[in-house]
Amino acid sequence: MENLIHLYKTFEKVIYLDKKINNREFEGCIFKNCDFSSSDFSYNTFADCEFIDCNLAMTKLSGSSMKNVSFKNCKLLGIQFNECEDFLFSVYFVESILDYSSFANKKIPKTQFINSSLKDVIFIGANLSGSTFDNTDLSGAIFNDTELKEVDFLTAYNYTIDPEFNPMRKAKFATQGIPGLLEKYGIKIQ
């Protein structure tokens, strides 16, 4: 990965632990079975890239661009996505672990979170309009001043969301999710 620009390359079984990789461009690249945990990927550009079976736990992404980037079966613990560039920010997650990550104040409409774990993830001030949380664990996730218009929570679970502080017009919830919307009132639903 010494070049500054990488076009349509596949990186397989690359192990860069605690390394610094900055000011690089990755377009149309695929990362398979890579371990970049605790590395510094600040000020990079990722466009139309795929991460498959990768470990990016605690990786720094300050000032990085994420344009149409998908993560499949990846470990993304503690990632501060809120520090990424806002312009054209677009990500997609399938069967990934994003526990303790942050999307605070991020505009991420229509984002897909599928079969993933988002325990203790911060969504304060984020815009999630039209997003989908499909079979996703939201234990301890923090929603405050979060735009949830038309968000699909039908198969999400373990969430607690206060409707007074999160605009959620036309959001979809399953009956079993009602306790997560009424928790602050101490109402018991059996």
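A salt bridge, as I use the term in these entries, is a side-chain nitrogen of Lys or Arg within 4 Å of a carboxyl oxygen of Asp or Glu. I keep in mind throughout that I am reading a predicted model.

**Entry 1: salt bridges**

I began with the side chains of Lys-119 and Asp-137, which meet in a salt bridge at 4.0 Å, N to O. I placed Lys-119 in the loop between E10 and E11 and Asp-137 in the loop between E11 and helix H1 (178-182), so the pair ties together parts of the chain that are 18 residues apart in sequence. I then looked up how far each partner is covered: Lys-119 is partly exposed, with a relative accessible area of 33%, whereas Asp-137 is buried, with a relative accessible area of 9%.

How many salt bridges does the structure hold? I find 3 salt bridges listed for the structure, and I went on to the others.

Glu-50 forms a salt bridge with Lys-72, and I note 3.3 Å between the closest N and O atoms. This pair links distant parts of the chain, since I find Glu-50 in strand E6 and Lys-72 in strand E8 (residues 69-72), 22 residues apart. Glu-50 is partly exposed, with a relative accessible area of 24%, and Lys-72 also counts as partly exposed, at 32% relative accessibility.

Lys-106 forms a salt bridge with Asp-86, where the closest N and O atoms are 2.5 Å apart. I located Lys-106 in the loop between strand E9 (91-94) and E10, and Asp-86 in the loop between E8 and E9, 20 residues apart, so that here too the pair links distant parts of the chain. Is each partner buried or exposed? At 1% relative accessibility, Lys-106 counts as buried, while Asp-86 is exposed, with a relative accessible area of 53%.

**Entry 2: the open sheet**

I next traced an open sheet of 4 strands, whose order I wrote down as E1-E3-E5-E7 and whose pairing is parallel. Strand E1 (5-7) and strand E7 (65-67) stand at the edges, and because each has a single partner strand, one side of each is left without a neighbour in the sheet. Neighbouring strands of this sheet are turned against each other by 5 degrees on average, with direction ignored.

Within this sheet I looked at how strand E3 (residues 25-27) meets strand E5 (residues 45-47): the two run parallel and are joined by 3 bridges. Which residue of E5 does Phe-26 stand opposite? I find Phe-46 in that place.

**Entry 3: aromatic pairs**

The structure holds 29 aromatic pairs, and I looked up two for these notes. Phe-71 and Phe-93 form a stacked pair, with 5.3 Å from centre to centre and 10 degrees between the planes. The pair links distant parts of the chain, Phe-71 lying in strand E8 and Phe-93 in strand E9, 22 residues apart. I noted that Phe-71 is buried and that Phe-93 is buried as well.

For Phe-153 and Phe-173 I recorded ring centres 4.9 Å apart and planes at 5 degrees, so this pair is stacked too. Phe-153 and Phe-173 both lie in the loop between E11 and H1, yet they are 20 residues apart and link distant parts of the chain. At 0% relative accessibility, Phe-153 counts as buried.

**Entry 4: Asn-55**

I turned to Asn-55, which is found in the loop between strand E6 (50-52) and E7. At 19% relative accessibility Asn-55 counts as buried, because the cut-off for buried is under 20%. A polar atom of the Asn-55 side chain lies 3.0 Å from the backbone nitrogen of Ala-57. Leaving aside residues up to four places away in sequence, I list Cys-34, Asp-35, Phe-36, Ser-37 and Lys-75 as the residues that Asn-55 touches.

**Entry 5: Ile-122**

My last look-up was Ile-122, in the loop between strand E10 (112-114) and strand E11 (132-134). Ile-122 counts as partly exposed, at 29% relative accessibility. What does Ile-122 touch, not counting residues up to four places away in sequence? I wrote down Ser-101, Ser-102, Phe-103, Ala-104 and Ile-142. I also checked Ile-122 against Asn-158, and found the two 36 residues apart in sequence and 15 Å apart in space, C-alpha to C-alpha.

Key
Residues are numbered from 1 along each chain as its sequence is written. This is a predicted model: local features need pLDDT of at least 70, side-chain atom pairs count only at pLDDT 80 or more; totals for chains, interfaces and linings use all residues. Side-chain values use heavy atoms; hydrogens and water are left out. Buried means under 20% relative accessible area, exposed over 50%, partly exposed in between (1.4 Å probe, protein chains only). Contact means heavy atoms within 4.5 Å. Two strands pair if DSSP finds at least two bridges between them. Axes are lines fitted to C-alpha atoms, for helices over the stretch in contact, and angles run from 0 to 180 degrees between N-to-C directions. A polar contact is a pair of N or O atoms within 3.5 Å; within protein, one must be able to donate a hydrogen and the other to accept it, and residues adjacent in sequence count only if both atoms are side-chain atoms. Rings of Phe, Tyr and Trp (its six-membered ring) pair if their centres lie within 6.5 Å; planes under 30 degrees apart count as stacked, over 60 as edge-to-face and the rest as tilted.
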